[in-house]
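Trainee: Could you walk me through reading a ligand site and the helices beside it?
Mentor: Happy to; let's look at the model together.

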Amino acid sequence: KPLVRLRGVDKVYANGTLAVQNLNLDIRANEFISLLGPSGCGKSTALRMIAGLGEHSRGEIDWPTARYDARGRPIREIGFVFQEPTLMPWATVFDNVYLPLMLKDIPRAEVVDRVNNTLDMVGLLAFANSHPRELSGGMKMRVSIARALVTQPKLLLMDEPFAALDEITRSKLNNDLLDIWQRAQCTVVFVTHSIYESVYLSNRIVVLAARPGRMIGELAVDTPYPRT
Ligand code: ADP
Ligand code: ADP
């Protein structure tokens, strides 16, 4: 069974904009999927609906293998990375990554282990006590990735995470993201308008048409990593 199954999903915003039309997609465990398309085609809208941020207007989004909460809603085990790292400037790198664990009932020693392991995964263990202002743009993005992964989500959703970075930092992060993905053993859905990035990163590229965000094709890409 897929992790997430989208069937005939439409999104119409309150102002009448049809942002996504008839999206059909199975997101399978341990895949690295890119959602590729030009600006305005509905990629972010699709990603937010998968995350449960904003209701869809038609169709179905199911989590066939998820557990359900008391109100009968699927428990989505997700991490979300936005283009803006949105770190707390007054808090250390450690505390920024610790934040999502704060409300969970986890023993302190385990929390420290988990945060440190996740910082190690993104190559920032040595910067645990630094503050965001001391870090480069790429390093802030790594903190943001660590914060998304520290809860050990099944699904990591990334919305054009590297688009604002310079080309060299971006290419280094692309490279490291594949290692992070392998270590985290999660599924990734990566939104991008870069053909290069999607080909470099993914097992599967889902191409969205310019307007409205209708899925126009799928492309499987061979990577040096094990296919799912
Ligand atoms: P992409 O991520 O591919 O750039 P978006 O999902 O952000 O595309 O947007 C898809 C379409 O929906 C665009 O035409 C955009 O202007 C519109 N849109 C996005 N958010 C809203 C909103 N909150 N209200 C109305 N229209 C929106
Ligand atoms: P990125 O942003 O992709 O990590 P950078 O060029 O900013 O790339 O940094 C490359 C590496 O250099 C970092 O991973 C880090 O180990 C080290 N580094 C970056 N900034 C500093 C700094 N202010 N102090 C010490 N080491 C740093």
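**Two helices and a ligand**

Mentor: In this predicted model, α4 and α5 are roughly parallel to each other.

Trainee: How is a pair of packed helices described?

Mentor: Two packed helices are described by the angle between their axes and the distance between the axes. Here, the axes of α4 and α5 cross at roughly 20° and come within 11 Å. Angles under 35 degrees count as roughly parallel, so that word applies to α4 and α5. Their crossing is right-handed.

Trainee: Which helices each supply at least two residues of the shell around ligand 2?

Mentor: That pair again: α4, spanning 137–149, and α5, spanning 167–184. With three residues, α4 gives the most to the shell.

Trainee: Which residues are around ligand 2?

Mentor: You will find Phe127, Glu134, Ser136, Gly138, Met139, Arg142, Thr169 and Lys172 there. By class, the shell has three charged, three polar and two nonpolar residues.

Trainee: What lies 2.7 Å from an oxygen atom of ligand 2?

Mentor: An N or O atom in the side chain of Ser136. The side chain of Arg142 also has an N or O atom 3.3 Å from a ligand 2 oxygen. For Gly138, the partner is a polar backbone atom, 3.5 Å from an oxygen of ligand 2.

Trainee: And how much of the accessible area of ligand 2 does the protein cover?

Mentor: On its own, ligand 2 has 530 Å² of accessible area, and the protein covers 49% of that.

Technical notes
Residues numbered from 1 in each chain as written. Chains lettered and ligands numbered in written order. Predicted model: local features only at pLDDT ≥ 70, side-chain atom pairs only at ≥ 80, totals over all residues. Heavy atoms only, no water. Near = heavy atom within 4 Å. Polar contact = N/O pair within 3.5 Å; in protein donor to acceptor, adjacent residues only side chain to side chain. Areas by Shrake-Rupley, 256 points an atom, 1.4 Å probe, with all protein chains shown as cover. Helix = DSSP H or I, 4+ residues; strand = E, 2+ residues; numbered from the N terminus. Nonpolar A, V, L, I, M, F, W, Y, C, P; charged D, E, K, R; others polar. Axes fitted to C-alpha atoms, helices over the stretch in contact; angles between N-to-C directions. Parallel < 35°, antiparallel > 145°, perpendicular 65-115°, else oblique. Left-handed = near helix turned anticlockwise from the far one by under 90°.
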